[in-house]
Amino acid sequence: MCGIIGYAGCRPAVPVVIEGLHRLEYRGYDSAGVAFAQNKYLRVIRAKGKLSALEEKLATEQITTATCAMGHTRWATHGVPAERNAHPHSSNDGALAIVHNGIIENFQELKTELTAKGHVFHSETDTEVLVNLIAECRKREPDLLYAFAAALRLAHGAYAVCLMERGAPDTFYAARMSAPLIFGIGAGENFAASDIPAFLPYTRKVIFLDDGDIVQASAKNYRILRLENLQPAAHEPQKILWDMQAAQKNGYRHFMLKEIFEQPRVIADAMAGRVSPQGDAVLLPELDDLPVPARLHIVACGTSWHAALWGRHLLESWAHIPVQTEIASEFRYRDNLPLGKGDMALVISQSGETADTLAALRMAKKQGAAAIGLCNVIGSSIAREASTVLYTQAGPEISVASTKAMCSQMLMLALMALYWQAKQDRPTDAARRKGWLDILASLPAMLEEALPAMHETARRLSRKYAQARNFFYLGRGHCFALALEGALKLKELSYIHAEGYAAGEMKHGPIALIDPAFPTFAVALDDPLFPKTKSNIEEVQARQGKVIALTNEGTGLSADDVWTVPHLPPPLAGFMVLPALQLFSYEMADYLGKDVDQPRNLAKSVTVE
Ligand code: M6R
């Protein structure tokens, strides 16, 4: 939800900032802007639309070689996407400029007070209020860092901000509260950004800032203080081990396609070091200090919630743990959280920053439950606040639509189920456990081999179905979770209306919608539920509904399009279904000319409610 970057160093700062914004554009792309010092002024240049619009504008401007700058790419919260609402925002006197990711919840009250003091506002944003609040505090405070801190203490809500002042053109300031911000320490240059790829070409040495940290940085110096007492914050810099290649397209047309094709490696990486050398035991030391949950509440949003629904089947059937899966935005507002003695929460989030999921984690902890985090982004808020965290190790996921992250979440849920199964020491489970682990170990090679043919089928079918305006996705059991994911992927990428349904639920109403123009994508694998799903498909066909059936060789299923994927036992068959669904949506969207990696109205990291 918005990407910010600040830079102070020895290079021309605007190109560094623009390059960084390119790597943050997945966080928002309604408008973009930069600020830098030029001829004793703080210049702010902004443009509505994607970063390319800002670049076009910059190309027409005379830009000096400022060595300190900051930038922003926006996902609108307060105020429509428009240049006046784009960041950076300036204080009325033009002395300060700010970029902000987050929401200042009491901005309306602050605005009223500032208006009474003579401040004038040109945008609808909370950010313009914040920068004028800092300007107001600055009148009484000779040190900008202290004025900045004083203003932040008055502002309630979430923020990651960078600030510059006209009088100190080589310095940027930054602060973090409930929104991601990472400080990068280079040789003779320093950075702050919403995500590591923004500055990774320049440094791997980072500090994951904490909530309440406030920073002052120039090319050669920096200081990080605590907002509450302005004392130095204790931080050990960490080294980032992955490289920029992981955050580049590598010849693929889109990040999404690259990330779909990375899934065999993602599975292998997620398993690395987590299975005993004999291949018969799961090693999850992160969970060793916790008992087996009496009941597990898995809380997540979007695709991560679909992974939770899928994982529930394994946790129940393999680990014998009763599981409740909840959408985080609902869970957090339940009157009486159903957390009993011995219950645990498992929060799943690729970004580790999703506001509702983070709030759910805090609620669970407040009720005294252990809250396990399953995250992809190292050092993210959820990772840091969880009682213990398991990392999915999927590498940076750049495409706004989540693909490989879900695959890695599914893999981790399977490992967790086997880990807890072993902890219960039921003799009959041990032999089966080895069998499951063998299948998991064979997955990367199987999937690697299957992906090219899957891609081809997805491309062919997309040409046939691209004109549909509606789609049903049906499945039973673990495939119901995947049907929901298939529908989400189709709608978010191609803007085609799609509904995921439990196949058996169709006859209770939705089937009324079926006609020849309303196709159904049914997941009907060769498993014990196959006869039931087959009947549901026939019910659709009896109403002249067209059907794409994703199935296995030998089921004899009849449909308009029968798409076979390699056989795996349920529920692990999900690892073959997921990429087929992803590729179908990808091809549909690409064929329809949609912006695959940055679909309209979306952002990668949803740090607002
Ligand atoms: O970072 P998270 O896993 O917490 O994100 C949750 C959802 O916002 C995310 O999965 C979203 O639904 C994606 N657009 C799905 O492709």
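This passage describes the salt bridges, the ligand site and one buried strand residue of a predicted model.

Side chains of opposite charge can pair when their charged atoms come close. In the predicted structure, 33 salt bridges are counted. Three of these pairs and one network are described here in turn.

One salt bridge joins the side chains of Asp595 and Lys50, with a distance of 2.2 Å from N to O. The two residues belong to distant parts of the chain, being 545 residues apart. Asp595 is located in the segment after α16 (574–591), whereas Lys50 is located in the loop between β3 (41–48) and α2 (51–59). The relative accessibility of Asp595 is 32%, so this residue counts as partly exposed. Lys50 has a relative accessible area of 27% and is likewise partly exposed, because the partly exposed class covers values between the 20% limit for buried residues and the 50% limit for exposed ones.

A second salt bridge is formed by the side chains of Asp143 and Arg223, where the distance from N to O is 3.5 Å. This pair also links distant parts of the chain, with the two positions 80 residues apart in the numbering. Asp143 is found in the loop between α4 (126–138) and α5 (144–154), and Arg223 is found in strand β13 (residues 222–226). Asp143 is partly exposed, at a relative accessible area of 25%. Arg223 is also partly exposed, at 32% relative accessibility.

The third pair consists of Asp356 and Arg332, whose closest N and O atoms are 2.7 Å apart in a salt bridge. Asp356 is part of helix α10 (residues 355–366), and Arg332 is part of the loop between α9 (328–331) and β17 (343–349). The pair therefore ties together parts of the chain that are 24 residues apart in sequence. Asp356 counts as buried because its relative accessibility is 10%, a value under the 20% limit. Arg332, with a relative accessible area of 15%, is buried as well.

Salt bridges also occur in a linked arrangement. Lys258, Glu262, Arg265, Asp269 and Lys404 are connected in a network of such bridges.

The model also contains a ligand, which is surrounded by 15 residues. The closest of these residues are Ser304, Ser349, Ser351, Thr354 and Glu492. Contacts to ligand oxygen atoms involve both side chains and backbone. In the side chain of Ser349, an N or O atom is 2.6 Å from an oxygen atom of the ligand. In the side chain of Ser351, an N or O atom is 2.7 Å from a ligand oxygen. At Gln350, a polar backbone atom is 2.7 Å from an oxygen atom of the ligand. Taken alone, the ligand exposes 400 Å², and the protein buries 90% of that area. The ligand takes up the space of the second largest pocket. Two or more residues of the surrounding shell come from each of the elements α8 (302–317) and α14 (478–494).

A further position considered is Ala35, which lies in strand β2 (residues 31–38). The relative accessibility of Ala35 is 0%, so Ala35 counts as buried. Ala35 and Gly94 are 59 residues apart in sequence, and their C-alpha atoms are 11 Å apart in space.

Methods:
Residues are numbered from 1 along each chain as its sequence is written. This is a predicted model: local features need pLDDT of at least 70, side-chain atom pairs count only at pLDDT 80 or more; totals for chains, interfaces and linings use all residues. Side-chain values use heavy atoms; hydrogens and water are left out. A salt bridge is a side-chain nitrogen of Lys or Arg within 4 Å of a carboxyl oxygen of Asp or Glu. Helices (H or I, at least four residues) and strands (E, at least two) are DSSP runs, numbered from the N terminus. Buried means under 20% relative accessible area, exposed over 50%, partly exposed in between (1.4 Å probe, protein chains only). A residue is near a molecule or strand if one of its heavy atoms lies within 4 Å of it. A polar contact is a pair of N or O atoms within 3.5 Å; within protein, one must be able to donate a hydrogen and the other to accept it, and residues adjacent in sequence count only if both atoms are side-chain atoms. Accessible areas come from the Shrake-Rupley method with a 1.4 Å probe; for residues, only the protein chains shown count as cover. On a 1 Å grid over the protein atoms alone, a cavity is a set of points where a 1.4 Å probe fits but cannot get out, and a pocket is an open set with protein on both sides within 12 Å along at least five of seven lines; lining residues have an atom within 4 Å of a point. A molecule sits in a cavity or pocket if more than half of its atoms lie within 2 Å of its grid points.
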